[in-house]
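This report looks at a ligand site and its protein surroundings. Please view the structure first, then read on.

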Amino acid sequence: MIFSKAGARCLTAHAASALRESEPVVRYEEYADFDWNNLGFGLTRTDFMYKAKCTLNNTFEQGQVTDYGNVELSPAAGVLNYGQGIFEGTKAFRGEDGRILLFRPDQNAIRMQTGADRMCMQSPSIEQFVDAVKQTTIANKRWIPPPGKGSLYLRPLLIGTGPTLGVSPAPEYTFLVYASPVGNYFKEGTAPLNLYVNNEFHRATRGGAGGVKSITNYAPVMKAILRAKEQGFSDVVYLDSVHKKYIEEVSSCNVFLVKGNVISTPATVGTILEGITRKSIIDLARDLGYKVEERLVAVDELMEADEVFTTGTAVSVATVGSVTYNGQRVEYKMGDELVSQKLYKTLVGIQVGKIEDKYNWVVEIK
Ligand code: COI
């Protein structure tokens, strides 16, 4: 369904200026003029973003919602020269009852603080982070897809914007939040993924920054992803860099395997991202009666599993149809009774307000 222009409207000039003064916006059209049926995981330019700055060893100024647009940077900015940057991803959902719901934004705030500490950056407080995500969501409300069509992906970004020539923390930091409506992360949609186990490239090493959401963790995996895609695979499973034997994660998500009633996933020991969806799925699976183990998981176990699935904010819960390792391809069972499907439906049901949220994970934006 395409929502007609007649049914859509931008913020009025008055509302936009009220927003810039951090007042709640009064009036919106319900939906942007957009084809909501063809959402993938690409950037769609929305109306507003949030921006706040601070200098080293200080707290962040009160942020502002401003028009979405480019950011001006010194050529010597810490992020450009030394990769001093971390990011988050979280989603806003529109419930069928019209409520706007966020999923565990406080957990993203905490993870940003941990990452900032690792990368020697200033970070916003948990309150400021959550408030920034809420403000960005409300400002871009007309870009939150209709129920069942997708979500508004929020991208909080913390970067060293001050100039630094020697290798040292930047003297100034910028905290931004921008937003884009998204659908399925993988071009496969909800079809099962075909993963390739790469034993040549590693995502992270012990003592590195693989456990935090540093921007520096992503460019190094692009070559592995592109090569896998050229061969028709959906994405890559990385192995540990020491033994080249234990699975770690997929480029943009955590990985789980199911064998009988036991669900196993690699323990987070500094080389694996502590996914918020990962830990939510662990709780949901335990509550559904599965035994969940966080431990070293050998690649051989992946090849002998009943089921494999991946989790992430962008990815949600994605079923894996096959894994290829050392020239051997295994295919997993499919069908409606999959553990991954049960977990997916429970997670999304909570996120969109259809299933009771006994965990207090969901935050309604009023
Ligand atoms: C997310 O799941 O939010 C992520 O950060 C994945 C991203 C690399 C696309």
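## Polar contacts to the ligand

This is a predicted model. Lys213 places a polar side-chain atom 2.7 Å from an oxygen atom of the ligand. Tyr153 also uses its side chain: one of its polar atoms lies 2.6 Å from a ligand oxygen atom. Thr313 takes part through its backbone, where a polar atom is 3.2 Å from an oxygen atom of the ligand. On its own, the ligand has 280 Å² of accessible area, and the protein covers 90% of that.

## The shell and the pocket

Which residues are around the ligand? They are Phe87, Gly89, Tyr153, Arg155, Tyr185, Lys213, Tyr218, Ser252, Thr313 and Ala314. Sorted by class, this shell holds 5 nonpolar, 3 polar and 2 charged residues. The ligand sits in the second largest pocket.

## Two domains

The domain assignment splits the protein into domain 1, residues 31-182, and domain 2, residues 193-351. Their C-alpha centres lie 25 Å apart. In the contact between them, domain 1 supplies 22 residues and domain 2 supplies 20 residues.

Why does the ligand count as lying between the domains? Domain 1 (31-182) and domain 2 (193-351) both give residues to the shell around the ligand, so the ligand lies between them. The polar contacts include the side chains of Tyr153 and Lys213. By the domain bounds, Tyr153 falls within 31-182 and Lys213 within 193-351.

Terms used: Residues are numbered from 1 along each chain as its sequence is written. This is a predicted model: local features need pLDDT of at least 70, side-chain atom pairs count only at pLDDT 80 or more; totals for chains, interfaces and linings use all residues. Side-chain values use heavy atoms; hydrogens and water are left out. A residue is near a molecule or strand if one of its heavy atoms lies within 4 Å of it. A polar contact is a pair of N or O atoms within 3.5 Å; within protein, one must be able to donate a hydrogen and the other to accept it, and residues adjacent in sequence count only if both atoms are side-chain atoms. Accessible areas come from the Shrake-Rupley method with a 1.4 Å probe; for residues, only the protein chains shown count as cover. On a 1 Å grid over the protein atoms alone, a cavity is a set of points where a 1.4 Å probe fits but cannot get out, and a pocket is an open set with protein on both sides within 12 Å along at least five of seven lines; lining residues have an atom within 4 Å of a point. A molecule sits in a cavity or pocket if more than half of its atoms lie within 2 Å of its grid points. Ala, Val, Leu, Ile, Met, Phe, Trp, Tyr, Cys and Pro count as nonpolar, Asp, Glu, Lys and Arg as charged, and the others, Gly among them, as polar. Domain bounds come from an automatic or database domain assignment. Contact means heavy atoms within 4.5 Å.
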